Amino acid sequence: MSSDGNKKQFWKRNAAKVPGSIQHVYGAQHPPFDPLLHQLMSTIPPPATPGKPKKATTFQEFESITSDAWDVGDDDDELLAMAAQNLNIEVVMETANKVKKHMRQLEEDEEDRLDEGEVTSTEHAALHRQRSLPHRPPVIPLVARMADQNTSGTPAMTEREASRLDKFKQLLAGPNTDLDELRKLSWSGIPRQVRPITWKLLSGYLPANAERRESVLQRKRQEYFGFIQQYYDSRNDEHHQDTYRQIHIDIPRMNPDFLVLEPKVTEIFERILFIWAIRHPASGYVQGINDLVTPFFVVYVFEYIEEEVENFDVSSLQEEALRNIEADSFWCMSKLLDGIQDNYTFAQPGIQRKVKALEELVSRIDESVHRHMQHYEVEYLQFAFRWMNNLLMRELPLRCTIRLWDTYQAEPEGFSHFHLYVCAAFLVRWRKEILEEKDFQGLMILLQNLPTMHWGNEEVSVLLAEAYRLKFAFADAPNHYKR
């Protein structure tokens, strides 16, 4: 996938080690960020790490040394070319003409109202100044940008998007869905219209055989609510009340908060997490597991609504729909956690191993970043613990997490093994900012508040492409991975 020259930068060697100790780090959300910035990244080699920089400098220095972590190759060019296909010049011109026509109509209406005395000349001048200001871009929808949606009031799908959706529908309509083919198709993202059924199939919750799906759904949903009847009343018992209390405290801290502020939704999340904790005593409930319910819940809500979740009162859904969403979210979250449960057992050994593996991998692919963090005594556990514990959900907007999980569910061991390479690509993505930071505090502030608020499918696709390239280079080359 990459040239010999490209491979050399991945396989740099470094003999230094970074000490580690678990420190739970919970940070704030993300400041605004221009998603077009990543397109400006160049292929200029990174500057050498300074010999003995000052111990204390400014936070802004962190930005200067990150001259693009990406070594843009054929894969990245293809991604950008695919994104460019979505722009249709005829649609752009048509939209521009509509906007100009609309603005002319507004001006004519205002002149009429001014002549009739309905508005004063002062108000007229204020309105004119307001229209002359730059137009503020619309709020990015929760799950994807408007160009990625096909609900009412949004642009129609491109030919390519429609073709992909048709392929999904044909594959899912067969009597026995070819799961290998479904994984290949899902790796590049799943259309919103078929994402719920696709996630249920890829997670192993539903069988490939179409005739059996309805009976399996009914049985699993009944089984879940049987657990509710059997266990949920024990939440106030002495040996369970601490677990329930911690869940009750953590749910309001979740993101997005507009969901959990609804009492019905809060109760659903509490039941899902409590039942899972009771049925998995080896780990019980651990902070971080609460975040993993949200993507499943939001995706399965889309089976019943057309509009965006943030504009919809989820508690207004029919009781049967809410019960189905709750049970499906529980079982799919359980399937996910079955593959990463050692992340949440005593001392969280899974996370410790993955953070250590991340440190080893970064020391190979970007020695400058690794040495820079060593120099300022930044331990990987101090920032990457949360990346592993919450699967990057606190670092990315929910719409990006859902797109990321499309690929994780299509990739073998996506939530465990492939996630390591995504974290490595994610860290190196910010190499310029990291290398510009010249003290411990500045580095930690940055790493806990990476500016991804305006990220969308394009940025996630580039991140996944780079992660796949790292996996291709290292997963089957243990001698390059180890020191």
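A search of the whole structure, which is a predicted model, finds 18 salt bridges. Several of these pairings lie within single helices. In helix α7, which spans residues 179-186, Asp-180 and Arg-183 are three residues apart, about one turn of the helix. The closest N and O atoms of Asp-180 and Arg-183 are 3.2 Å apart. Arg-183 has a relative accessible area of 28% and is therefore partly exposed.

A salt bridge also joins Glu-436 to Lys-432, with a closest N and O separation of 3.1 Å. These two residues belong to helix α20 and stand four residues apart, so that about one helical turn separates them. Glu-436 is buried, because its relative accessible area of 3% falls under 20%. Lys-432, at 32% relative accessibility, counts as partly exposed. Elsewhere, salt bridges with shared partners link Lys-200, Arg-221, Glu-303 and Asp-328 into one network.

One member of this network, Arg-221, is found in helix α9 (residues 210-231). Arg-221 has a relative accessible area of 10% and is therefore buried. When residues up to four places away in sequence are not counted, Arg-221 touches Lys-200, Tyr-205, Asn-324, Ala-327, Asp-328 and Trp-331. Of these contacts, Asn-324 lies 103 residues from Arg-221 in sequence, yet the C-alpha atoms of the two residues are 6.8 Å apart in space.

Helix α16 (residues 367-375) contains a further salt bridge, in which the side chains of Glu-367 and Arg-371 meet at 3.2 Å, N to O. Because Glu-367 and Arg-371 are four residues apart in this helix, the separation between them is about one helical turn. Glu-367 counts as buried at 17% relative accessibility, whereas Arg-371 is partly exposed, with a relative accessible area of 37%.

Helix α16 as a whole is mostly covered, seven of its nine residues being buried. In addition to Glu-367, the buried residues are Ser-368, Val-369, His-370, His-372, Met-373 and Gln-374. The buried residues of α16 pack against five helices, namely α15 (349-365), α17 (381-389), α19 (414-429), α20 (431-436) and α21 (440-447). Just after α16, Glu-377 takes a positive phi of about 60°.

Attention now turns to the nonpolar interior. The largest nonpolar core has 118 residues, of which Met-333 and Trp-405 touch the most other members. Helix α19 supplies the largest share of this core, with eleven residues. The core lies between domain 1 (174-339) and domain 2 (349-475), because both domains give residues to it. In soluble globular proteins, nonpolar side chains tend to be buried together.

The surroundings of Trp-405 can be listed in detail. Apart from residues up to four places away in sequence, Trp-405 touches Trp-199, Leu-292, Pro-295, Phe-296, Leu-336, Leu-391, Met-393 and Phe-415.

A buried position also occurs in a loop. Gln-341 is found in the loop between α14 (319-338) and α15. The relative accessibility of Gln-341 is 19%, so this residue counts as buried, the limit being under 20%. Gln-341 touches Trp-276, His-280, Ala-282 and Ser-283, residues up to four places away in sequence again being left out.

Technical notes: Residues are numbered from 1 along each chain as its sequence is written. This is a predicted model: local features need pLDDT of at least 70, side-chain atom pairs count only at pLDDT 80 or more; totals for chains, interfaces and linings use all residues. Side-chain values use heavy atoms; hydrogens and water are left out. Buried means under 20% relative accessible area, exposed over 50%, partly exposed in between (1.4 Å probe, protein chains only). Contact means heavy atoms within 4.5 Å. A nonpolar core is a set of buried Ala, Val, Leu, Ile, Met, Phe, Trp, Tyr and Cys residues joined through side-chain atoms within 4.5 Å. Domain bounds come from an automatic or database domain assignment. A salt bridge is a side-chain nitrogen of Lys or Arg within 4 Å of a carboxyl oxygen of Asp or Glu.
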